[in-house]
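Trainee: Got a minute to go through this one with me? I'd like to take it a piece at a time.

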Amino acid sequence: MNSYSVTDSIQRAKELVSELGNTLGRVPTAAVITFGCQMNARDSEKLTGILIQAGFSIVEEESADFVIYNTCTVRDNANQRVYGRLGVCGGFKKKNPHMKIALCGCMMQEPSVIEKIKKSYRFVDLIFGTHNLYKFPEYLVSVLEQDGMIIDVWDKPDQIEEDLPVARKYSFKSGVNIMFGCNNFCTYCIVPYVRGRERSREPKEIIRECERLASEGVVEVMLLGQNVNSYGRGLENPISFPELLKEIEKIEGIKRIRFMTSHPKDLSDELIEVVKNSDKICKHIHLPLQSGSSKILKAMNRCYDKEKYLALAKKIREEIPDASITTDIIIGFPGETPEDVDETIDVIRQVEYDNAFTFIYSKRTGTPAAAMENQVPEEESHVQFDRVLAEVQKYAKKQSSRFEGRVMEALVEEVNENDPSLVTGRLSNNIIVHFPGDESLIGKFVNVKLNECKGFYYLGEIQ
Ligand code: SAH
Ligand code: SF4
Ligand code: F3S
């Protein structure tokens, strides 16, 4: 689809939204409800951009005239939450005959989900998947023109769409996709099946987007990919991720660069060097461990063992002492014993993570791990989970307090929700600090004295 037909469809959608407005006697409303990771959050900004251009007024309530759920399926509880929300939304639709309900995102790439919706949630008007989000303007037109369920889910992508309208959630920071999909096939993970094979965007397109964002006042970009360290491999003129970082650093208005996620198997010395020597690249590395047991890592197909991971973490701590290291850990992978969990705890003790996300293993149909025989009973996983969490929290507390008394630069993100006399800023290492200030500081950099560590955040004051 070229940008002409995107514009064309948005124009037609605009006419239809305006007609709907005449019928309702008010501006039609739309809500975008997002589950899952930063990639989904970025996709939702595109959905929102399209809805705004079509003339909807964006609201948060699921009683809106048009509601779209951008779904996640990485763990089963994400799916269950969508079904729960959908039940509530169906109730609203009974009271508003003009209401339309749409579903998109990762969960829609699973045929069993589509069957369930066709059977039990017949009031849904539109379903599409991860590979055809750029067709949303066309689908919107169809949904506004006709009744009945429209389903269009592709099993693979056909192109990388560059110029969709976007409505950014924050004026001063933005996610930027540098690649889509994943080739790693960790045995527990459904992402490669629902997001397709790894595709890198052309560096010139990424740089063009960052330059445009900078011209609009964005000072911080978060480069997004399932494994940013393998960026650039399939391109006609391959470039490495550190090389891309160096190019983005040259853009004047961009003051901070973050990235997510780094797979430990591909993290190079070159990357550590580039982060270390940069004033712009944030001192934060998210380095998912998943398990500290080499036996489990092998069964997970992570392509590194405990020793390799520890050596990498040690190198980062030595080379960039101010950097925070965060991680993801899965508990209850098939065959995991309490002794394997001891290995995970040993890694936590050695790396002393600044923070960690801990998840109980969730069986995803179609992945190799789902077919493994030695599944761990849920009660056992909970016992092990609590052990790991206690350890993680101990070190997170210790690590975040290591900056107490220092003056560090914070980017102010918002007025504090609980106390409007305070604002909330984020440090380069991703730690949050609350300090006296007002709305006028949002999007600005200020030097803040970190007076008191409160566990996972600081209380401070402007210096
Ligand atoms: N590409 C990233 C992770 C994306 S998914 C990486 O490789 O690090 C985010 C996190 O969800 C993963 O790091 C993993 O810890 C968790 N996760 C993925 N599949 C899971 C499953 N089946 N059960 C529990 N947690 C899972
Ligand atoms: Fe999933 Fe592994 Fe790919 Fe991350 S690298 S998205 S965990 S398959
Ligand atoms: Fe979920 Fe899809 Fe992200 S499954 S974690 S929203 S890539």
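Trainee: Let's start at the C-terminal end. In which sense do strand S15 and strand S18 pair, parallel or antiparallel?
Mentor: Helices here are DSSP runs of H or I with at least four residues, strands are runs of E with at least two, and both are numbered from the N terminus. Two strands pair if DSSP finds at least two bridges between them. Strand S15 (residues 407–415) and strand S18 (residues 445–453) have five bridges; Ala410, for one, is the bridge partner of Val446 in S18. The sense of the S15 and S18 pairing is antiparallel.

Trainee: Before we go on, which pLDDT does a side-chain atom pair need to count?
Mentor: Housekeeping, then: residues are numbered from 1 along each chain as its sequence is written, chains are lettered from A and ligands numbered from 1 in the order in which they are written, and side-chain values use heavy atoms, with hydrogens and water left out. This is a predicted model, so to speak of local features takes pLDDT of at least 70, totals for chains, interfaces and linings use all residues, and side-chain atom pairs count only at pLDDT 80 or more.

Trainee: Back to the strands. In what order does the closed barrel run?
Mentor: The barrel has five strands with mixed pairing. Neighbouring strands of this sheet are turned by 50° against each other on average, direction ignored; the axes behind such angles are lines fitted to C-alpha atoms, for helices over the stretch in contact, and angles otherwise run from 0 to 180 degrees between N-to-C directions. The order is S15-S16-S17-S19-S18.

Trainee: Which residue takes a positive phi in the hairpin of S16 and S17?
Mentor: Strand S16 (residues 422–427) and strand S17 (residues 432–436) run antiparallel, joined by five bridges, and Arg426 stands opposite Ile432 in S17. The hairpin has four residues between the strands. Taking a phi near 80° there is Asn430.

Trainee: And what is the bridge partner of His434 in S19?
Mentor: S17 runs parallel to strand S19 (residues 457–462), with three bridges joining them. Across in S19, the partner of His434 is Leu459.

Trainee: How much area do domain 1 and domain 2 bury between them?
Mentor: The bounds, from an automatic or database domain assignment, give domain 1 (6–152), domain 2 (173–401) and domain 3 (404–462). The contact (heavy atoms within 4.5 Å) takes 17 residues from domain 1 and 19 residues from domain 2. Buried area is the accessible area (1.4 Å probe) that two parts lose on being put together, summed over both. With 52% of it on carbon and sulfur atoms, the area comes to about 1600 Å².

Trainee: Which three residues of domain 1 supply 39% of what it buries against domain 2?
Mentor: No other three residues supply more of that area. They are Met39, Arg42 and Arg75.

Trainee: How many charged residues are in the shell around ligand 3?
Mentor: A residue is near a molecule or strand if one of its heavy atoms lies within 4 Å of it, and the shell includes Cys37, Cys72, Cys106 and Arg195. Ala, Val, Leu, Ile, Met, Phe, Trp, Tyr, Cys and Pro count as nonpolar, Asp, Glu, Lys and Arg as charged, and the others, Gly among them, as polar. Next to four nonpolar and four polar residues, the charged count is one.

Trainee: How many nonpolar residues are around ligand 2?
Mentor: Among its surrounding residues are Cys182, Cys186, Cys189, His263 and Arg302. Three of the shell residues are polar and one is charged, and the nonpolar count is seven.

Trainee: Any backbone oddities? What is omega for the peptide bond from Met260 to Thr261?
Mentor: Most residues other than glycine have a negative phi, and most peptide bonds are trans. Cys303 has a positive phi near 65° and sits in the loop between helix H10 (294–299) and helix H11 (306–319). Thr261 is in the loop between strand S11 (256–260) and helix H9 (269–276). The bond from Met260 to Thr261 is cis, with omega near 5°.

Trainee: Last one: which are the edge strands of the open sheet?
Mentor: This sheet has six strands with parallel pairing, in the order S2-S1-S3-S4-S5-S6. Each edge strand pairs on one side only, and they are strand S2 (57–58) and strand S6 (150–152).
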